[in-house]
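Please take a moment to look over the sequence and the model shown here before reading on. The paragraphs after it are meant for someone who has not met this structure before.

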Amino acid sequence: MRILLLCSSFNGLTQRAWLELRRAGHDVSVELALSERVMLEAVQLAKPDLVICPFLKEKVPARLWREHRVIIIHPGPPGDRGPSSLDWAIADAEPEWGVTALQAVEEMDAGPIWGWRTFQMPAEPPRKSALYNGAVADAAVELVVEVAAKAEDPGFVPVPLDYRRPEVRGWLRPAMRHGDREFSWAESTDAVVRRVRAADGAPGGRAELCGLPVRVFDVYRGPAVSGRPGSVAGRSEGAVLVRTGDGSVWVGQLRLDAPGAVKLPAAVVLGERIAGVGEREGFSEVTYDRGAEVGVVGFDFYNGAMSTEQCLRLVSALRYAVAQDTRVLVVRGGEVFSNGIHLNVIESAPRPEVEAWRNINAINQVCREVIECAGQLVVVSVGGNAGAGGVMMALGGDRVVVREGVVLNPHYRTMGLFGSEFWTYVLPRRVGASVARRLTWEALPVGAAEAVELGLADRVVAGSRLEFERRVVEYAEMLAADGGYERLLAAKRAAREVDERRKALDAYRVEELAEMSRDMFDDRGGFRAAREAFVGKRRAESTPERLAVHREWSGASGAGNGGASHM
C-alpha cells in the first residue's frame, strides 16, 4: 500500500515505523505536521491508501480524516485520552500501560479501535524518555505493522470505543500543568524520583536548588545522608547529590527555569554555588567489570551526548580495560548508545566553535582506543539507538551486536558536518566504498536487520535491554573460549597492520579534521544554525527533502525479509 506517516518529528519511533513498514513491502512517505495546509497538501500529493500518525501532537484536519483512513497511534491503553498519557502513567504508578491504534474522528482519541498492546510497568519509576523509547515504542511499531495489514483486509471493521468493554480501562486525563511538575526536596526520595522521571526528558520536574529555579532531570537514588533537604551533599562527574526528606538523590541534569535556558550537567548549571562541595563516590557514567576472560566497559551518557570531559573519562576506562589480561573486551553503551558530540555543552561554551573542536578531538580518542585494541577481541554492544559519531565508534570494534528495534543513523550531513571518528576508514571497511557514500549522502535511518544485511552489524539480538546485555556477554564468553581464538586475534592484528601500511590511521584523522575545521570554524555547511536549532528545539520549517512527499510518489518498496543473524 501507499502509506503516509504524518508526524510531529522524524524521531526514533517514527523512524522505526518507517523502516518496518518499508520492510513489510509498503510504499512509505513522511510529512511533518507543520500546519493544516501542509497536512492537506501532503495527502493530495501522496494519494495514500492509509495515513498513520505515530503519537501526533497536532489535531488532524476534519477534511483529512473524513476523506481518508487516518489512524492515530496513542501512547495509552484503550480508553485513555489526553496529551499527557505517559506522564500520568508514571506519576500515578500505573501497574500496567499500553498503546492503542484508533481511527481519527472529531473528538481527539475517541475513535474506533484498530488494535492495542499492553505491558507491565516496572516497579521502579522509569524515565518518561526511557518508557517512550522502550516498551511504548516496541508496542507502537507492532501496532503500526498490524494496522497496515488490517487495512488491506476488506473484511476488517474497527471496534467502537465503549467504556463498558473490559479491555477499555483508561479515561480522559487533563494535560499536566506546571503545578503538577513541582516538588519539594523535603518530600521522600520515592516521591522526588517519581515526579522527576514522569517529566524526563521534557519538560522536567520543577524545583528550587541553591536559590535557583530549575528544571530537574536524570535522577537516581542516593545514600542516606543527614542535613537540610535541598542542600547539596556532594558531586561526581557533573552530577550533584541533593538531600531529600528521607535520604538523597543524584541529579545528573538541570536547566534554569527561564526562557532560552539549556539543559546541562547539574554541576555546570550550579557553577560557583557549589564551589565548596567535595567529590563523592556513588555516581558514575562509566564503569568497568570483568570476569575471568571478558571485561566490560559500560558507558551511559544522558541522551547519548558525549562531552569532551565524558569522552576523556571513557578513554581512561578503555585504556585501563585494554591493559587487562582478558581475552575479549565488551564496549557497552546505555539507553541511547551514542549520538556523538554534546551539542548542548558546545552551544553553552563561551566559544562554541573551540569547544566543538575539543569535543571532536576527544571523541576521536575514544574511537582510536577501540580500533587499536590489539590484545583482545572487541565486541561492541549497541542496545540503544545510535547516530553519527556513535555509529562510527561502534564500527571500530571487531564484532558489532545490535538489539532488535535499534535504529542507526550513520551520517552527519543533516548537522552540516563532514564527520570524523575515523568514519572514512571504518565505514568503507565494513560496507564498501559505494554503500558508505550512499549511507552518508542519503542520510536515512537504518534498522537492525538491515544493518546486518549491509555489514554495519554482525548480529541482531531480541529481548529487553537487560536480556540483550546478558546475551552479548555470553557471546563474548563464547568467543573467548573458542578454540580458534588465537587465530582470530592474529588475523585481526595482521589486517590492522596491512591497513596501517596502506594508509595510516593518523592520515584518516588529519584528513577528516581538515574538513571538520572548515565546518566548525568557517561554517561552510550550516553547522552553527543546525546546532542552534537542535539545542533550542526549534520546530522544523519544512519536511526534509529526503523524506517529503513528491508529485511522483517517493516511497521505495521494502528490502524484503531475512538476511539477519539472530542469536
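What follows goes through the sheets, a salt bridge, and then the empty spaces.

This is a predicted model, in which local features need pLDDT of at least 70, side-chain atom pairs count only at pLDDT 80 or more, and totals for chains, interfaces and linings use all residues. Residues are numbered from 1 along each chain as its sequence is written, and side-chain values use heavy atoms, with hydrogens and water left out.

One open sheet consists of 6 strands in the order S2-S1-S3-S4-S5-S6, with mixed pairing; here strands (E, at least two residues) and helices (H or I, at least four residues) are DSSP runs numbered from the N terminus, and two strands pair if DSSP finds at least two bridges between them. Strand S2 (27-32) and strand S6 (113-120) stand at the edges with a single partner strand each, so one side of each is left without a neighbour in the sheet. Neighbouring strands of this sheet are turned by 20° against each other on average, direction ignored, where axes are lines fitted to C-alpha atoms, for helices over the stretch in contact, and angles run from 0 to 180 degrees between N-to-C directions. Within the sheet, strand S1 (residues 2-7) runs parallel to strand S3 (residues 50-54) and is joined to it by 3 bridges, with Leu4 standing opposite Val51 in S3. Helix H1 (residues 12-23) lies across S1, S2 and S3, running at about 175° to S1, and helix H2 (residues 36-46) also packs on the sheet, touching S1, S2 and S3 (contact means heavy atoms within 4.5 Å), with a direction that makes about 170° with that of S1.

Another open sheet of 6 strands has the order S13-S14-S16-S18-S20-S23, again with mixed pairing. Its edge strands, strand S13 (286-290) and strand S23 (459-461), each pair on one side only. Strand S18 (residues 377-382) and strand S20 (residues 399-403) pair in the parallel sense over 4 bridges, and the bridge partner of Val379 in S20 is Arg399. Helix H17 packs on this sheet, touching S16, S18 and S20, and its direction makes about 85° with that of S18.

Side chains of opposite charge can pair when their charged atoms come close. If a salt bridge is taken as a side-chain nitrogen of Lys or Arg within 4 Å of a carboxyl oxygen of Asp or Glu, the count comes to 53 salt bridges. One of them is formed by Arg127 and Glu335, whose closest N and O atoms are 2.9 Å apart. This pair links distant parts of the chain, 208 residues apart, with Arg127 in the loop between S6 and helix H5 (128-151) and Glu335 in the loop between strand S16 (328-332) and strand S17 (340-341).

Where is space left empty? On a 1 Å grid over the protein atoms alone, a cavity is a set of points where a 1.4 Å probe fits but cannot get out, and a pocket is an open set with protein on both sides within 12 Å along at least five of seven lines, while lining residues have an atom within 4 Å of a point. The structure holds 2 cavities of 30 Å³ or more, a volume being the space filled by probe spheres set on grid points that are joined across faces, edges and corners. The largest cavity has about 40 Å³ of space, and helix H12 (residues 389-395) supplies the largest share of its lining, 4 residues. The second largest pocket has about 450 Å³ of space, and H17 gives the most to its lining, with 9 residues.
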